[in-house]
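Here are a few exercises to work through with the model open beside you. Try each task before reading its solution.

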Amino acid sequence: PPLLLPKHVVPRATLVEGSCRASRMVLGTMGIERAPAPMELLDAAWAVGINCFDCAHAYGKAGASERCLGQWMQSRAIPRE
């Protein structure tokens, strides 16, 4: 059974001049497109309050992790902060 955790378990910090609040924990996305269930992994991270993701064009093959993250954000209507 899935682990059920309350939303926003991960503490947040205010970034430069109060522009947004980012989780103090960051999820690395290198190779996430090869994970067995990347969308579910991202859903679980979001559910516990992680809203900061480390991605780079160099992760995966020609930006594959960025595309995976972008597809997840679009499919879940996740706002860009």
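**Exercise 1.** Which backbone nitrogen lies 3.4 Å from a polar atom of the side chain of S23? Find it in this predicted model, then describe the surroundings of S23.

*Solution.* Start at the side chain of S23: the backbone nitrogen belongs to C52. Next, place S23 in the fold; this serine is part of strand β2, which covers residues 21-23. Now check how much of S23 is accessible. Its relative accessible area is 5%, and buried means under 20%, so S23 counts as buried. Then list what surrounds S23, setting aside neighbours within four places in sequence: V10, P11, R12, G49, I50, N51 and C52 are in contact with this residue. Finally, take G49 from that list. S23 and G49 are separated by 26 residues in sequence, yet their C-alpha atoms are 6.7 Å apart.

**Exercise 2.** Is S65 buried or exposed? Locate S65 and name its contacts.

*Solution.* First, find S65 in helix α2. Second, read its relative accessible area, which is 0%. With the limit for buried at under 20%, S65 is buried. Third, look beyond four places in sequence: the contacts of S65 are T29, I32, E33, C55, A56 and Y59. One of these, I32, also belongs to the largest nonpolar core, which brings us to the next task.

**Exercise 3.** Which twelve residues make up the largest nonpolar core, and which element gives the largest share?

*Solution.* Begin with the members: V10, L27, I32, L42, A45, V48, I50, F53, C68, L69, W72 and I78. Now sort them by element. Two or more residues come from each of α1 (38-47) and α2 (64-75). The largest share is that of α2, with three residues. To see the packing from one member, pick F53: beyond four places in sequence, it touches V26, L27, T29, L42, A45, W46, L69 and W72.

**Exercise 4.** In what order do the elements run from the N terminus, and what percentage of the residues count as buried?

*Solution.* Count first: there are two helices and four strands. Following the chain from the N terminus gives β-β-β-α-β-α. Then turn to burial, where 30% of the 81 residues count as buried. For the surface, the protein exposes about 5,600 Å², and 61% of that area is supplied by carbon and sulfur atoms. Last, consider the contacts with a separation of 6 or more: 58% of them join residues 24 or more positions apart.

Note on methods:
Residues are numbered from 1 along each chain as its sequence is written. This is a predicted model: local features need pLDDT of at least 70, side-chain atom pairs count only at pLDDT 80 or more; totals for chains, interfaces and linings use all residues. Side-chain values use heavy atoms; hydrogens and water are left out. A nonpolar core is a set of buried Ala, Val, Leu, Ile, Met, Phe, Trp, Tyr and Cys residues joined through side-chain atoms within 4.5 Å. Buried means under 20% relative accessible area, exposed over 50%, partly exposed in between (1.4 Å probe, protein chains only). Contact means heavy atoms within 4.5 Å. A polar contact is a pair of N or O atoms within 3.5 Å; within protein, one must be able to donate a hydrogen and the other to accept it, and residues adjacent in sequence count only if both atoms are side-chain atoms. Accessible areas come from the Shrake-Rupley method with a 1.4 Å probe; for residues, only the protein chains shown count as cover.
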